[in-house]
Amino acid sequence: MDPMEPLLAYTDEIWKLAFARCGNTADADDLTQETYLAALVAIRRGREIRYPRTWLANTLMHLWNSRLREKYRMVTVSYGVDFPEVAEDTVIEPEEETSLRTHIASLTKLYRDVIVLHYIGGLTVEQIAESLDIPAGTVKRRLHDGREKIRKGKEKMKNEELERITPMCVSLSWNGSMNSTEVFHFAEGNLVQQILAAAYEKPLTDGEIAEKIDIPVYYIEDLLEKAVDLEIMVKTDAGRYYTDACLSTTDDWETSWYGCHQLVESHLGAYTDCLYRVKEAVEKLSWYGELNHRQQWKLKRFAFLETVQRAKNNSMETEKLERPKRKDGGNWILIGGVWPLGYVTPFRDLNMGGHRSSGDDGYHLHEFDTSIWDNGFRCRNIDWVKYVSRLLYAVHTGKDPIELGCPADMIESMDYFTDAGLFTMENGTRKVDIPVVNGEQWRELMIDLCGREADFLRTQTEPFIREWLAACSNGLPSHLREKYRIQWLGLMLAYYEPAVYGILYDKGIHLQGVDFCCPPAVLVIE
């Protein structure tokens, strides 16, 4: 197969991206051609392009940014422009016109428009006022203020040793229901992550954000508006932006890690007792014997995780958690973390997300996104998360996964999901290897068993959990405290469940004798 063929499948999509950047068909055509030419050169040099869409999009953006940088290095200024026209004292000299565009790129749109129209476009104050539909006095004030900002920026670059900017990484997840993965694809961009990290601690103007991450405002304006449109940032009436999420930092992780482990170690008896109670209750279910040995272990593990997490959530009054309705039809709030580039947390091997469900009419998958002892179960592709239930349902019922809408690359990765403990091979046939229950059995498990045991565990653990949370320093930014108070408590207890399972495992109490991947997951078919 021609190595260019997989890339050509994305031509229309890449052209649309080019058009969104350029704003006209001619430049979009040129940019698309440059992108595919770069791909051809890379392939001829022996480069293997494993992810065509991502590679093409990244290459296009690099080419586009290079064009912008070149554009701002070009000298297209008329030397006939009278710089002092609206100023009592001149701060930009004609001989400095060659570097004018670079300084202009650092201005916000408010000042950039009038500076460009006057000093580069050659328009008079009256012409600019008419063009922008603002008073002439406003034009003069913006020209003056814009020149002052350029002067101060030049002095800072000349006289100050600039503080080294530390690139930041942001990871987002969600609580609630989300119907689109566009947010996460957008937030994967390095520049977007710098913006989200910069505007988290307090609301900032676009200029303040640009200064904080040391980049011209021009490059982030569209990204800011896109972030607001996707509802991961908010723009205030005062023109400031802030990241609309509950994010934890490296300091928060360490506080959570040590605090949660101390909690569990100090009250180990309550969790050991809970584990045995849940194990015995599951084994008494009338349909327990219908499951194979591996499925029985997975069911007991799921029930224990559900019981512990439900008891914790009830202690935090999560029933009061309100999730706003979103444009994508979902109902979610964002949670996550922010850390310096290159930081490696010593706790990364012990992570666990909440109880997540996905599915369609007639079937649902319930699972815990965990990396404790079964890393393979974590979906490598965020798009796969909403299709795992379909894949399991298709295999269980013998239906065609393509007809159910499963992506081709996901179906090609069936061995990956088998290694992750979701399937097994029997006599050359792939079968679902997690518990499959009906609606009545599911309600018996969740409402009767887990609900009862969670209430009992809560009575044992709630007092010392609340005492620890009250003693924690509140690291949540003040402008987000009212909105994300409950989520913040959840982040402070981020290592609570992993501490329970990890400590019980290390002491030989939990998962004794298990030598296979044991993902906590249950498929419910009504």
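1. The point to raise at the outset concerns confidence: over residues 159-163 the pLDDT stays under 50, and for this stretch the model has two contacts beyond four places in sequence. A further stretch, residues 72-95, also has pLDDT under 50 throughout, although here the model has 42 contacts beyond four places in sequence. Where pLDDT is low, the predicted coordinates should not be read in detail.

2. This is a predicted model, and those two stretches should be set against the chain as a whole, for which the pLDDT averages 82, with 83% of the residues scoring at least 70.

3. As to overall architecture, the protein chain has 21 helices and 11 strands, and of its 526 residues 47% are buried. Among the contacts in the protein chain with a separation of 6 or more, 71% are accounted for by residues 24 or more positions apart.

4. One helix pair deserves a fuller description. Helix 13, which spans residues 250-266, packs with helix 21, residues 496-506, at an angle of about 45 degrees, and the two axes lie 8 Å apart. Because roughly parallel is reserved for angles under 35 degrees and roughly perpendicular for 65 to 115, helix 13 counts as oblique to helix 21. The crossing in which helix 13 passes helix 21 is right-handed.

5. Which residues of helix 13 and helix 21 meet? On the side of helix 13 they are Cys260, His261, Val264 and Glu265, and on the side of helix 21 they are Tyr496, Ala499, Val500 and Ile503. Sorted by class, this contact of helix 13 with helix 21 consists of six nonpolar residues, one polar residue and one charged residue.

6. Helix 16, covering residues 388-397, has as its buried residues Val388, Ser389, Leu391, Leu392, Tyr393 and Ala394. The residue that follows helix 16 is Gly398, and its phi is positive, near 80 degrees.

7. Lys149 lies in helix 8, which runs over residues 136-159. Is Lys149 buried, exposed or partly exposed? Its relative accessible area is 43%, so Lys149 is classed as partly exposed, given that buried requires under 20% and exposed over 50%. Leaving aside residues up to four places away in sequence, Lys149 touches Leu107 and Tyr111. Lys149 and Tyr111 are 38 residues apart along the chain, and their C-alpha atoms are separated by 9.2 Å.

Definitions and conventions. Residues numbered from 1 in each chain as written. Predicted model: local features only at pLDDT ≥ 70, side-chain atom pairs only at ≥ 80, totals over all residues. Heavy atoms only, no water. pLDDT = per-residue confidence, 0-100. Contact = heavy atoms within 4.5 Å. Axes fitted to C-alpha atoms, helices over the stretch in contact; angles between N-to-C directions. Helix = DSSP H or I, 4+ residues; strand = E, 2+ residues; numbered from the N terminus. Parallel < 35°, antiparallel > 145°, perpendicular 65-115°, else oblique. Left-handed = near helix turned anticlockwise from the far one by under 90°. Nonpolar A, V, L, I, M, F, W, Y, C, P; charged D, E, K, R; others polar. Buried < 20%, exposed > 50% of the residue type's maximum accessible area, 1.4 Å probe, protein only.
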